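Welcome, and thanks for taking a look at this one with me. Below you will find the sequence and the model, followed by a short tour of the fold and its ligands.

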Amino acid sequence: MKKRVFSGIQPSGNIHIGNYLGAIRHWVASQVELENIFCIVDLHAITVPQEPKILKSKIIEVAGLLFAAGIDPKLSAVFVQSHISAHAELAWILNCFMPMGWMQRMTQFKEKSQKQKEQVSVGLFDYPALMAADILLYEADFVPVGEDQKQHVELTRDVAQRFNSIYGETFKLPEPVISEIGARIMGLDDPTKKMSKSEKQLSHAIHLLDSPDAIRSKIMKATTDSLREVRFDESRPGIYNLLVIYKLFTGRSRPDIEAQFKGKGYGDFKRELAEVIIEGLRPLQSRYRELMDDPTRIELWLAEGASKARSIAEKTLTIVKDKVGLG
Ligand code: AMP
Ligand code: TRP
């Protein structure tokens, strides 16, 4: 029996190299030895305001990018969250087992809600209950996420345990899987902040569909410091972040990279880095263009993904409803 992996990605903003290095690339690498289920979480996306037409086109764009990055629809199930109603239904049930105090501790909500003040939606507050439902419906063994989502997976374990202790063994407890290096790629304009899809500043992130010129210009502008040495030094977050990106795209070791740039300046290093990223993204970008020539293929794969996923999700939901005494 293969272990099952579940992960989710939001169809909002532009997917960037942080998503790629921190998440998508691991999903691709693991799809032979693991049973992978990937969900495009449109219900999570509407926890903040969205333009309907843009949201719809982003769903296809994200799916196209996942397939272009190497997710194989024969090996993995990729589907859209709102295509399977069990997600919303289980989220509601789990809501009723999650104390307010647990939710109030979530740092992502605290950060996101600060920006929106009292306009913040109840959905954004409740976001972790929906995420818990996503994961628990599929009895996932592993949930690969960036560091920022670890707290939500821990909350998922907490609510699963609570439910199990009341109703008997029902949910499997998932393990978060955080990749060590690259778990947190930082913003190019501000290396003290995580690279984020929602940041509007143009030079903040490299998007997967950026042109070579855009990539060069963003890297050359990236914030560093007034020193010179190209060295992995966490106390210099700008150059450190760029070196981490370089390392992840080339697969080379730290000493090897430091030796290459010994005696060279940040400008030389940045020029090399831009080319490494351009080459690293080239195959993905050309596959993406091919796929988008005929998006019906993407829609078909999403429908196949949903039908595989639905049969698992509905089985879990039926058991849960029965235990709770619904219907
Ligand atoms: P999101 O962009 O929030 O929908 O996240 C999609 C996936 O990418 C999740 O597994 C995140 O944890 C991961 N991720 C998002 N931003 C970063 C980042 N800056 N560095 C590493 N991983 C990230
Ligand atoms: N909240 C996750 C993020 O923003 C996306 C997500 C939703 C997710 N449901 C999930 C990730 C379930 C893993 C498992 O990154």
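## The fold as a whole

In this predicted model, residues 24 or more positions apart account for 76% of those contacts in the protein chain that have a separation of 6 or more. The protein chain contains 13 helices and 5 strands. Its radius of gyration is 21 Å, close to the 20 Å that the globule rule gives for 327 residues, so the protein chain is as compact as a globular protein of that length. Taken along the principal axes, the C-alpha atoms of the protein chain fill a box of roughly 70 × 45 × 40 Å.

How much of the protein chain is buried? Buried residues make up 50% of the 327 residues. Turning to the outside, the protein chain exposes about 15,800 Å², and carbon and sulfur atoms supply 53% of that area.

## Around ligand 1

Let us move on to the ligands, taking them in order. Ligand 1 is surrounded by 18 residues, and the closest are Asn-19, Gly-146, Asp-148, Ile-185 and Met-195. Two of the polar contacts here involve side chains: a polar side-chain atom of Asn-19 lies 2.9 Å from an oxygen atom of ligand 1, and a polar side-chain atom of Lys-197 lies 3.1 Å from an oxygen atom of this ligand. Met-195 takes part through its backbone, with an N or O atom 2.9 Å from a nitrogen atom of ligand 1. The protein covers 93% of the 480 Å² of accessible area that ligand 1 has on its own.

Which helix gives the most to the shell around ligand 1? That is helix α1, residues 17-30, with 4 residues. Sorted by class, the shell around ligand 1 holds 6 nonpolar, 8 polar and 4 charged residues.

## Around ligand 2

Ligand 2 has 13 residues around it, of which Gly-8, Tyr-127, Met-131, Asp-134 and Gln-149 come nearest. Three side chains place a polar atom by a nitrogen atom of ligand 2, as the table shows.

| Side chain | Atom of ligand 2 | Distance |
|---|---|---|
| Tyr-127 | nitrogen | 2.6 Å |
| Asp-134 | nitrogen | 2.7 Å |
| Gln-149 | nitrogen | 2.9 Å |

The protein covers 89% of the 360 Å² of accessible area that ligand 2 has on its own. Both β1 (4-9) and α7 (122-137) supply at least two residues of the shell around ligand 2, and α7 has the largest share, with 4 residues. By class, the shell around ligand 2 divides into 7 nonpolar, 5 polar and 1 charged.

## A stop at Pro-49

One more residue is worth finding on your screen. Pro-49 sits in the loop between α2 (42-45) and α3 (52-69). Is Pro-49 buried or exposed? Its relative accessibility is 74%, and exposed means over 50%, so Pro-49 counts as exposed. You can also pair Pro-49 with Val-120: the two are 71 residues apart in sequence and 9.8 Å apart in space, C-alpha to C-alpha.

How values were computed
Residues numbered from 1 in each chain as written. Chains lettered and ligands numbered in written order. Predicted model: local features only at pLDDT ≥ 70, side-chain atom pairs only at ≥ 80, totals over all residues. Heavy atoms only, no water. Near = heavy atom within 4 Å. Polar contact = N/O pair within 3.5 Å; in protein donor to acceptor, adjacent residues only side chain to side chain. Areas by Shrake-Rupley, 256 points an atom, 1.4 Å probe, with all protein chains shown as cover. Nonpolar A, V, L, I, M, F, W, Y, C, P; charged D, E, K, R; others polar. Buried < 20%, exposed > 50% of the residue type's maximum accessible area, 1.4 Å probe, protein only. Rg over C-alpha atoms; globule rule 2.2 N^0.38 Å. Contact = heavy atoms within 4.5 Å.
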